[in-house]
Amino acid sequence: MTHPPDSPPGSLPAAEPAAAAPPLDPMAVIRSRSYLSALVLAAVLGIPISAIAYGFLALVDKIQTGLFDQWPHHLFGSQVPAWWPVPLVALCGLLVGMTIRFLPGNGGHSPAFGFHTDGGAPIDRELPGIVLAALVTLALGAVLGPEAPLIAIGGGLAALTVRLLKRDAPPMALTIMASAGSFAAISTLLGSPLLGAFLIMEVAGVSGVTLSLVALPGLLASGMGALVFVGLDSWTGLGTFSLALTSVPAAVDPTVATMAWALVIGVAAAALAWVVRFVGLALRPVVHLNRVLVTACFGALVGVSAMVYQLVSGHAATQVLFSGQSALPTLVEHAADYSVGVLVLLIACKMLAYGLSLSAFRGGPVFPAMFIGAALGIAMSGLPGMSLAPAIAAGIGAMCAAMLRLPLTSTLLATLLLGSDGVAVTPQVVVAVVVAFVITMVVPGPALPEDPATDRPRLPAQQAQGPVGVAPAAPH
């Protein structure tokens, strides 16, 4: 291979044009023995992976209940002091910072950059750090959800199993089985196996031939996972850990007024999401100054925001803490008990805690966005011509669309959450989601101070290059 005549001395030789790969025939692949074996393996792997995910969620719930409910009541009686969350969330920051700093894998992707699937499933040596960082984040009060860690854990366990069974497994096989493991891990977390599968596929941008090949093992593993979740709930009595509303507001037919207010909710949600992302990204350089100390301080600030909310409103500080998954049904059921002023305070404190958590902790962004969106909808449900059900659904859908930038998943989240009444509010949800998504994509967002793929600050020479090909800086 020779240099082109006009190439400068010392340059790399020009690459020979690669032969065009033959088009992939999905039907031939599906009929193959190896793909049928992959389907069987996906069904088998769905059982232990979903059981591990269930155990992870049960452990998180047990620690939360012990530290924020049982222990303080034993120590202080019925009146738990408002300052109680502050040292616990500061300890959360200390432990998460140490995990990210000293264990391989950075504890997983930073949630400040949203979901990431381009890096593939985590390798086996990264899994302990991902599990520990997520467990501490979720159990000790940071405002993030379990969906992203479960996706990483499920995909990592499935990929590890494939590598142990066949070290020379092709990349496509690893991709398919890792996706199936992720499907199984969040099979019922969002209330429906199909919704969890849809989330993963939209995040990954799976379509065409790849969609056909990945969807079947994933859906099979997801179905097995849902069955395991139901069985473990019946056997252990610990709970389903599936998002569901215990009381659904009565739906109303769409009107001109509700459609107009849905547009306003979409605009408001886009603005709130911009602020949350700005807080999360703007604080990232500060985190890198001293990972452990800064994360502990941010944890204390999350606890302070919860304390302020309890002191001012008289409601529990736990409404500000955690992902909001367990607090959302109570918020909707008792929506009439909250004044607009209290709801505004709740949204502000939750947004601050959410932004701080995005900047330094490890978890998923879905559930806090849903909680803030629901609170926004409740606050706007008293407007002339607006009703509670479409306001809540539009708020959830719009906030998720603005934070996740996944409009289809956000629409399904909002409508399926309301059960049979979700069909009646779909027009309002669609309007709010489209408005929030378009504004989010059009309005310039906060600058990314670092490479999302490496979770490291960019060097000055790399600022123009973007995330592609950036070498990681020294860890902090």
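1. Let me start with Ser182 and its surroundings in this predicted model. Leaving aside neighbours within four places in sequence, Ser182 is in contact with four residues: Ile151, Gly154, Gly155 and Ile200. Ser182 sits in helix 6, which spans residues 171-185. With a relative accessible area of 6%, Ser182 counts as buried, because the cut-off for that class is under 20%.

2. A second spot to look at is Ile130, a residue of helix 4. Its relative accessibility is 4%, so Ile130 is buried as well. Setting aside residues up to four places away in sequence, Ile130 has contacts with Gly107, Gly108, Pro122, Ala152 and Ile153. Two C-alpha separations are handy when you inspect this region. From Ile130 to Gly105 the distance is 7.2 Å, with their positions 25 residues apart along the chain. From Ile130 to Asn106 it is 7.5 Å, at a sequence separation of 24 residues.

3. Asn106 deserves a point of its own. Where does Asn106 lie in the chain? Asn106 belongs to the loop between helix 3 (85-102) and helix 4 (127-139). The backbone there is worth a check, since phi of Asn106 is near 60 degrees, a positive value in a residue other than glycine. Most residues other than glycine have a negative phi. Is Asn106 buried or exposed? Asn106 is buried, at a relative accessible area of 14%.

4. Please give Arg405 a similar look. Arg405 is not a glycine either, yet its phi is positive, at about 60 degrees. Arg405 lies in the loop between helix 15 (388-404) and helix 16 (407-417). Here the relative accessible area is 36%, and Arg405 is therefore classed as partly exposed, the range between 20% and 50%.

5. Now to helix 2 and the pocket it helps to line. The second largest pocket holds about 630 Å³ of space. Of the 28 residues that line this pocket, Asp61, Gln64, Gln325, Ser326 and Ala327 are the closest to its centre. Helix 2 (33-76) and helix 12 (327-333) each give at least two residues to the lining. Which helix supplies the largest share of the lining? Helix 2 does, with seven residues. Sorted by class, the lining of the second largest pocket is made up of 15 nonpolar, 11 polar and two charged residues.

6. Phe76 is another residue of helix 2 to view on screen. Not counting residues up to four places away in sequence, Phe76 touches Pro81, Trp83 and Trp84. Phe76 is partly exposed, with a relative accessible area of 34%.

7. On the packing of the interior, the largest nonpolar core has 132 residues. Which of them touch the most other members? They are Leu328, Leu331, Tyr354 and Met370. For Leu331, the contacts beyond four places in sequence are Tyr338, Leu343, Leu346, Phe371, Ala374, Ala375 and Ile378. I would be happy to see a panel that shows Leu331 with these seven names labelled.

8. Finally, some totals for the protein as a whole. The secondary structure comes to 17 helices and two strands. Of the 476 residues in the protein, 50% are buried. Among contacts between residues at least 6 apart in sequence, 78% join residues that are at least 24 apart. The accessible surface comes to about 20300 Å², and carbon and sulfur atoms account for 70% of that area.

Methods
Residues numbered from 1 in each chain as written. Predicted model: local features only at pLDDT ≥ 70, side-chain atom pairs only at ≥ 80, totals over all residues. Heavy atoms only, no water. 1 Å grid on protein atoms, 1.4 Å probe; cavity = no way out; pocket = protein on both sides within 12 Å on 5 of 7 lines; lining within 4 Å. Points joined across faces, edges and corners; volume = space filled by probe spheres on them. Helix = DSSP H or I, 4+ residues; strand = E, 2+ residues; numbered from the N terminus. Nonpolar A, V, L, I, M, F, W, Y, C, P; charged D, E, K, R; others polar. Buried < 20%, exposed > 50% of the residue type's maximum accessible area, 1.4 Å probe, protein only. Contact = heavy atoms within 4.5 Å. Core = buried A, V, L, I, M, F, W, Y, C linked by side-chain atoms within 4.5 Å. Areas by Shrake-Rupley, 256 points an atom, 1.4 Å probe, with all protein chains shown as cover.
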